[in-house]
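Colleague: Here is the chain I wanted to go through with you. Please take my questions one at a time.

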Amino acid sequence: MLIRTALNVVISLLFLLALTACQPPAENTSQLLLLQTATLQLTLSPEHAPVETPLQLRLQSQKPLRAISGELQGISMYMGRIPLVWRQQLAEQPEALTTWQAELFLGACRDPDMQWQLQLILDYQDGERELHQLQFTSSWR
């Protein structure tokens with residue numbers, strides 16, 4: 001009887017352990033600040049920009065934007081041009097910051113720490129246009 005109870009306890013513990021091991025990995029919410037001005041903030045997440053993983057660019061502006069366009073190009077190695085598709089997020093409050101997001105994937109190459117250049121064109125509702133060129137590093141380590 002004691003052996004049977006001990007066996008049931010061991011089986012139950014193994015079952016619970018198996019359930020815990022099947023949990024998805026915690027989402028990486030780290031962010032890399034790519035641009036900070038008096039009216040703009042641009043972040044990339046996750047911060048270390050892993051290749052072949054969904055990445056998110058998030059732009060917040062105090063001035064209303066009409067459109068955003070941009071692309072990525074490899075600096076360390078030619079990887080072609082990666083166009084970015086930006087979508088405006090709905091504001092919870094009328095006076096809130098204008099928020100835009102773009103999702104992207106970076107390809108792996110032989111360089112474990114690839115240098116990228118982001119070209120960003122911001123078209124404001126008042127007709128003003130800004131060009132930003134920023135660099136960051138992706139990694140497959």
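Colleague: How many helices and strands are there in the chain?
Modeller: This is a predicted model. From the N terminus the elements run α-β-β-β-β-β-β-β-β-β. The count for the chain is therefore 1 helix and 9 strands.

Colleague: Which strand gives the most to the largest nonpolar core?
Modeller: That core has 29 residues, and Leu42, Leu57, Leu72, Trp86, Leu106, Leu118 and Phe136 touch the most other members. Strands that each supply at least two residues include strand 1 (32–36), strand 4 (65–74) and strand 9 (129–139). The most comes from strand 8, with 6 residues.

Colleague: Which residues does leucine 42 contact, leaving aside its neighbours within four places in sequence?
Modeller: Leucine 42 is one of the core residues that touch the most other members. Contact here means heavy atoms within 4.5 Å. On that basis the partners of leucine 42 are Leu32, Leu33, Leu34, Leu35, Leu57, Arg58, Leu59, Trp86, Leu118, Leu120 and Leu134.

Colleague: What percentage of contacts between residues at least 6 apart in sequence join residues at least 24 apart?
Modeller: The chain has 141 residues, of which 35% count as buried. Among its contacts between residues at least 6 apart, the share that joins residues at least 24 apart is 57%.

Colleague: Over which ring does the charged end of lysine 63 sit?
Modeller: A search of the whole structure for aromatic pairs finds 0. The charged end of lysine 63 lies 4.3 Å from the centre of a ring, and that ring belongs to tyrosine 124.

Methods
Residues numbered from 1 in each chain as written. Predicted model: local features only at pLDDT ≥ 70, side-chain atom pairs only at ≥ 80, totals over all residues. Heavy atoms only, no water. Helix = DSSP H or I, 4+ residues; strand = E, 2+ residues; numbered from the N terminus. Buried < 20%, exposed > 50% of the residue type's maximum accessible area, 1.4 Å probe, protein only. Core = buried A, V, L, I, M, F, W, Y, C linked by side-chain atoms within 4.5 Å. Phe/Tyr/Trp six-rings, centres within 6.5 Å; stacked < 30°, edge-to-face > 60°. Lys NZ or Arg CZ within 6 Å of the ring centre and 35° of its normal.
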